[in-house]
Amino acid sequence: MATFEFLLQGLLAAAQPLNLLYALIGVTLGTAVGVLPGIGPALTVALLLPVTYRLDPTGSLIMFAGIYYGGMYGGSTTSILLNTPGESSSIVTALEGNKMARAGRGGPALATAAIGSFVAGLIATLLLAFIAPYIVKLALVFGPREYFALMVLAFVTVSSAFGDSTLRGLTSLFIGLAFSVVGIDQLTGQNRLSFGIPDLLDGIEVTTMAVAMFAIGETLFIAAQGDKGPDKVEAVRGSIWMSAQDWARSWKAWLRGTLIGFPIGAMPAGGAEIGTFLSYATEKRLTRYPEEFGNGAIEGVAGPEAANNASAAGTLVPLLTLGLPTTATAAIMLAGFQQYGLQPGPLLFATNPQLVWGLIASLLIANLMLLVLNLPLVGLWVKLLTIPKPWLYAGILLFATLGTIGANPSVFELGMLLTFGLLGYVMRVFGYPIAPVVVGLILGPLAEQQLRRSLAISQGDVTTLVQSPIAAVLLVLAALALIVPLILRARGRGEVLSQMAASED
Amino acid sequence: MKHFFLASILAGALALPAYAADYTIMAPAAPGGGWDQTARSLQTALQQEKISGNVQVMNVPGAGGTIGIAQFASQQKGKPNALMVGGYVMVGAILTNKSPVTLKDVTPIARLTGEYEAIVVPASSDIKTIGDLVAKLKANPGAVSWGGGSAGGTDHILVGLLAKAAGVDPTKINYIAFSGGGEALAAILGSQVTAGVSSYGEFESQVKAGTLRLLALSADKKIEGVDAPTLKESGFDVVLQNWRMVAAAPGLSAEQKKAIQGDVEKLVKSKTWQETLKTKGWADTYLSGEAFDAQLAKDISATEAVLKDIGLVK
């Protein structure tokens with residue numbers, strides 16, 4: 001009962017006009033930095049931290065919350081409209097979202113992303129409020145071997161994001177994996193594939209790679225086609241709002257995305273991207289319209305966007321209950337707490353309930369504010385697509401470059417952006433999918449390090465990988481996901497598989 | 001009247017240099033970490049205490065600060081208003097990364113803050129004292145897994161020093177590097193590793209809540225209010241401080257260096273800075289001038305020795 005009282009008090013505090021103004025400033029800034037590729041919410045919160053010295057704790061936390069959720073949301077807009085993911089967690093959104101936008105369905109894509117983010121944010125924030133202490137116990141059970149099993153499952157399931165040809169998809173994935181080993185090896189401190197270049201010591205930045213492959217590669221591809229390219233993009237076909245069918249296809253995807261994203265976000269070594277990969281794979285398997293995947297299926301936007309926002313809330317679970325910042329933004333929010341002499345940790349819920357509930361209430365307010373801010377903007381955003389192509393792509397090039405330079409003022413980083421852009425172009429020309437490269441770059445180091453950590457802890461005993469029940473179950477799931485479709489296909493019963501998929505929900 | 005006016009402008013213009021430089025502080029790390037927080041706290045304090053008019057912070061992340069220091073040494077050479085935050089982690093990173101630019105290529109000004117390392121075990125562990133842990137280590141070094149931050153970092157170095165002090169071959173230690181203290185903490189809480197090493201601040205709230213057992217601190221003498229012995233008291237001659245410092249650009253004249261030292265001293269004594277230390281839980285380990293230079297040289301040679309022992313530096 002006390003929980004509800006605190007939450008109500010928090011909501012009352014957050015709903016005061018001045019605090020609402022802070023929330024509005026926060027979500028606007030957050031959306032803006034989310035839209036700009038390269039400049040993430042972490043940098044924005046860091047820049048704003050000194051400003052908030054002058055605000056009271058409630059006010060500044062509300063602003064942080066707004067930036068945090070806003071940043072997660074803003075990334076999807078450019079993914080959908082321009083095929084330029086602003087953050088690594090909105091890469092998957094670009095896959096189906098941009099296809100929808102090109103088919104004149106940018107409005108419904110943006111709307112399902114906005115409403116899905118809202119629904120996921122709402123549910124996940126409430127989960128954070130009520131079951132955080134239990135979720136965190138579950139997250140702590142996850143050690144290196146369980147993470148490794150999870151990564152294996154992620155590898156197997158995201159292979160469905162590889163497009164039509166498995167061989168081409170795997171080729172792309174391995175290109176990404178090769179790039180992922182560049183830099184200082186975390187476990188031994190040795191340099192790998194850095195060729196004596198200090199800038200490569202920290203490996204290849206995922207956002208640089210994503211922006212280069214998607215935005216620069218796409219721009220080059222369009223430019224190379226010249227006038228021969230596909231006809232003018234049809235900006236709007238039908239309503240810019242979601243139809244009844246869109247709603248019917250979206251709502252389950254939102255819920256599934258939330259359920260996948262929240263626990264993965266809560267894991268100290270999870271990461272928002274993995275939830276989006278798994279959600280996309282799930283939707284692709286469960287859909288009744290498998291033929292639409294790859295051509296703009298609305299579930300492919302709704303699920304990952306919900307997973308993305310749910311995992312943003314999930315990240316706050318270890319931050320508030322353990323004092324564990326698992327993302328850069330969370331680390332800066334931790335610094336924000338310390339500014340008021342608060343130490344997040346196991347005692348925070350007991351010693352500072354007003355503050356914790358104030359934060360949770362501000363997250364709810366920020367979430368609502370985002371919906372209010374973004375839904376009316378959908379019509380405006382879609383107009384972006386009517387900008388003449390040369391202008392539009394020149395603009396994309398400009399923002400991609402500015403964003404990269406803004407995040408890391410280095411000539412070398414800019415060189416990498418252009419080189420990977422060329423790579424993205426070449427891969428497009430020869431019909432290789434782009435997303436698996438980035439997926440490999442993200443999952444590769446996680447899988448490798450967790451495998452080596454588990455083997456180091458067990459002193460080289462490989463059976464450790466299956467001795468934990470959770471790891472064993474995850475590995476069995478991965479094996480099933482890999483083998484069952486193969487068997488069914490071998491028996492020429494592919495239809496059975498799609499029927500099964502259709503009847504599953 | 002007119003003359004008075006002119007004179008006052010002139011006086012104002014002359015007074016301006018006394019208002020010191022508009023410092024630019026480089027944090028050679030991404031936003032959010034310790035160096036970034038130090039740089040931003042310096043920024044706030046320098047401005048609020050009116051030591052400097054307008055202070056900018058820039059982040060150059062990468063490779064334990066070695067990317068930042070390389071850029072700082074080449075681009076800011078001779079500039080009396082450029083500062084860089086750094087720390088003990090950089091000493092190790094320069095050695096393991098074989099960085100061509102070292103701390104000799106910048107002008108170290110002063111050590112500002114420091115944190116001591118703590119060794120902990122999960123509350124459910126059967127290890128009750130640091131003696132128990134070392135006994136296990138002696139019996140089978142590989143069976144004791146240590147969770148901590150990046151390879152070759154302060155946490156790893158402490159384990160190496162402890163093994164050496166206990167007479168265990170440092171190359172045999174089973175150190176599991178995690179990306180950052182947070183992930184390591186999760187592994188320690190989840191009993192995935194035998195013991196954990198990190199700055200005391202990372203563990204403090206867990207120790208107070210009783211989920212972690214604090215075995216020892218790497219301080220030189222017992223810390224007030226912390227219920228654990230130092231390693232030294234427990235019979236292992238190991239003292240390690242994860243300090244943070246501020247450095248200036250290379251190629252400065254003696255006067256320019258002195259001016260910066262003066263500003264930093266003013267800052268360290270200021271109310272704003274002292275309050276910042278308190279809220280952040282940083283210990284004031286201010287050390288400047290020749291004393292700092294000597295300490296730095298000592299730290300560098302000791303670190304090089306232990307990194308060689310662990311086998312990270314050839």
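**Entry 1: burial in chain A.** I count a residue as buried if 20 or more other C-beta atoms lie within 10 Å of its own C-beta atom. With that cut-off I looked through chain A of this predicted model, and I found that 58% of its 505 residues count as buried.

**Entry 2: what chain A is built from.** I then listed the secondary structure of chain A, which comes to 22 helices and two strands. Turning to its contacts between residues at least 6 apart in sequence, I noted that 80% of them join residues at least 24 apart.

**Entry 3: one residue near the start.** I picked A:Phe4, which I located in helix α1 of chain A, a helix that covers residues 2-14. Is A:Phe4 buried or exposed? I counted 11 other C-beta atoms within 10 Å of A:Phe4, and because a residue with 12 or fewer is exposed, I entered A:Phe4 as exposed. I also looked up how A:Phe4 stands to A:Pro388, and the two are 384 residues apart in sequence and 52 Å apart in space, taken from C-alpha to C-alpha.

**Entry 4: a pair of helices in chain A.** Next I followed helix α4 (residues 57-82) and helix α12 (residues 299-322) of chain A, whose axes come within 9 Å and cross at roughly 160 degrees. Since angles over 145 degrees count as roughly antiparallel, I recorded α4(A) and α12(A) as roughly antiparallel to each other. The crossing in which α4(A) passes α12(A) is right-handed.

Which residues meet where α4(A) and α12(A) are in contact? From α4(A) I wrote down A:Tyr68, A:Tyr69, A:Met72, A:Tyr73, A:Ser76 and A:Ile80, and facing them from α12(A) I wrote down A:Val301, A:Glu305, A:Asn308, A:Asn309 and A:Ala312. Sorted by kind, the residues of this contact are seven nonpolar, three polar and one charged.

**Entry 5: chain B.** I went over to chain B, where I found eleven helices and ten strands. Of its 314 residues, 54% count as buried, and among its contacts between residues at least 6 apart in sequence, 77% join residues at least 24 apart.

For the overall extent of chain B, I noted that its C-alpha atoms fill a box of roughly 85 × 40 × 30 Å along the principal axes. How does the radius of gyration of chain B stand against that of a compact globule? A compact globule with 314 residues would have a radius near 20 Å, and chain B has 22 Å, so I entered the two values as agreeing.

Terms used: Residues numbered from 1 in each chain as written. Chains lettered and ligands numbered in written order. Predicted model: local features only at pLDDT ≥ 70, side-chain atom pairs only at ≥ 80, totals over all residues. Helix = DSSP H or I, 4+ residues; strand = E, 2+ residues; numbered from the N terminus. Axes fitted to C-alpha atoms, helices over the stretch in contact; angles between N-to-C directions. Parallel < 35°, antiparallel > 145°, perpendicular 65-115°, else oblique. Left-handed = near helix turned anticlockwise from the far one by under 90°. Contact = placed C-beta atoms within 7 Å. Nonpolar A, V, L, I, M, F, W, Y, C, P; charged D, E, K, R; others polar. Rg over C-alpha atoms; globule rule 2.2 N^0.38 Å.
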